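Good morning, and thank you for the opportunity to present. I would ask you to keep the sequence and the structure in view as I speak.

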Amino acid sequence: MTSHLDGSIRDGRHHMQIRVYYEDTDFSGIVYHANYLRFMERGRTNHLRMMGAEQHALFAEALTETPGFAFVVRSMQIDYLKPARMDDVLDVVTWPLEVKGASITLAQEVRRGGDVLVKAKVRVAFISDGRAQPIPKALRVLMKADVG
């Protein structure tokens, strides 16, 4: 019933729309730079959610293989190209670039219509017990499904 809130996968990329609210802006009426990080986090979360109906089973298998695992942002490169303003409808686009042993690199863009406002490259590490661990095979296969 709420899956439309998660966005959709088109051409191997996850698209999710976000409306800019007053709370997202600074005193000048443009989106405060740190709020793009929140928008992109939602995009990454929903991208993972949309990757398949068997996601919960795969995470359960990963939890058995690596108890207490988590994904954490290891590094991020970000370019702010154009501002967004209150009431804009933005498209947060996410796609995987590379899946390695203990990390995944994702590309993300925040767009308004045909304009790219923000571009980012995000490296997410897989950890357990506070240390980097190899991504369990089931999750690695799932994530590589979109890499192309």
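In strand β4, Val 93 stands opposite His 15. This is a predicted model, and I ask you to bear that in mind throughout. The two strands concerned, β2 and β4, run antiparallel and are joined by six bridges. Strand β4 covers residues 89-99.

Strand β2, residues 13-19, has a second antiparallel partner in strand β1, residues 8-10, and three bridges join these two. One of the pairs here is Arg 10 with Arg 13, the latter lying in β2.

What lies between the strands of this hairpin? Two residues separate β1 from β2, and Asp 11 has a positive phi near 55 degrees there. Asp 11 is not a glycine, yet its phi is positive. Its place is the loop between β1 and β2. Is Asp 11 buried or exposed? Its relative accessible area is 80%, and the cut-off for exposed is over 50%, so Asp 11 counts as exposed.

A second residue deserves mention beside it. Asp 87 also is not a glycine, and its phi is positive at about 75 degrees. Asp 87 is placed in the loop between β3 and β4.

I turn now to the helix α1, which covers residues 33-50. How far apart should its ends be, given 18 residues at 1.5 Å a residue? The expected span is 26 Å, and the end C-alpha atoms are 26 Å apart, so the expectation and the model agree.

Several residues of α1 are buried, among them Tyr 36, Phe 39, Met 40, Arg 44 and Leu 48. Asn 46 also belongs to this buried group. Its relative accessible area is 8%, and because buried means under 20%, Asn 46 meets the cut-off. Which residues does Asn 46 touch, setting aside those up to four places away in sequence? They are Leu 5, Asp 6, His 14 and Met 16. Of these, His 14 and Met 16 fall within the range of β2, residues 13-19.

The helix also has a part in the largest pocket, where about 270 Å³ of space lies. Two or more lining residues come from each of α1, β3 (69-80) and β5 (103-112). The largest share, five residues, is given by α1. In total, 14 residues line this pocket, and those nearest its centre are Arg 44, Leu 48, Phe 71, Leu 106 and Val 124. What classes of residue make up the lining? Ten are nonpolar, two are polar and two are charged.

My last topic is Ala 120, which is found in strand β6, residues 115-128. Ala 120 has a relative accessible area of 8%, and therefore it is buried. Beyond its neighbours within four places in sequence, Ala 120 is in contact with Met 40, Gln 77, Ile 78, Leu 106, Ala 107 and Gln 108. Among these contacts, Met 40 is one of the buried residues of α1, and Leu 106 is one of the residues nearest the centre of the largest pocket. Glu 109 lies eleven residues from Ala 120 along the chain, and the C-alpha atoms of the two are separated by 6.3 Å.

A general point may help in viewing the strands. In a regular strand, side chains point alternately to the two faces of the sheet.

That concludes my presentation. Thank you for your attention.

Technical notes
Residues numbered from 1 in each chain as written. Predicted model: local features only at pLDDT ≥ 70, side-chain atom pairs only at ≥ 80, totals over all residues. Heavy atoms only, no water. Helix = DSSP H or I, 4+ residues; strand = E, 2+ residues; numbered from the N terminus. Buried < 20%, exposed > 50% of the residue type's maximum accessible area, 1.4 Å probe, protein only. Contact = heavy atoms within 4.5 Å. Pairing = 2+ DSSP bridges. 1 Å grid on protein atoms, 1.4 Å probe; cavity = no way out; pocket = protein on both sides within 12 Å on 5 of 7 lines; lining within 4 Å. Points joined across faces, edges and corners; volume = space filled by probe spheres on them. Nonpolar A, V, L, I, M, F, W, Y, C, P; charged D, E, K, R; others polar. Expected span 1.5 Å × (residues − 1).
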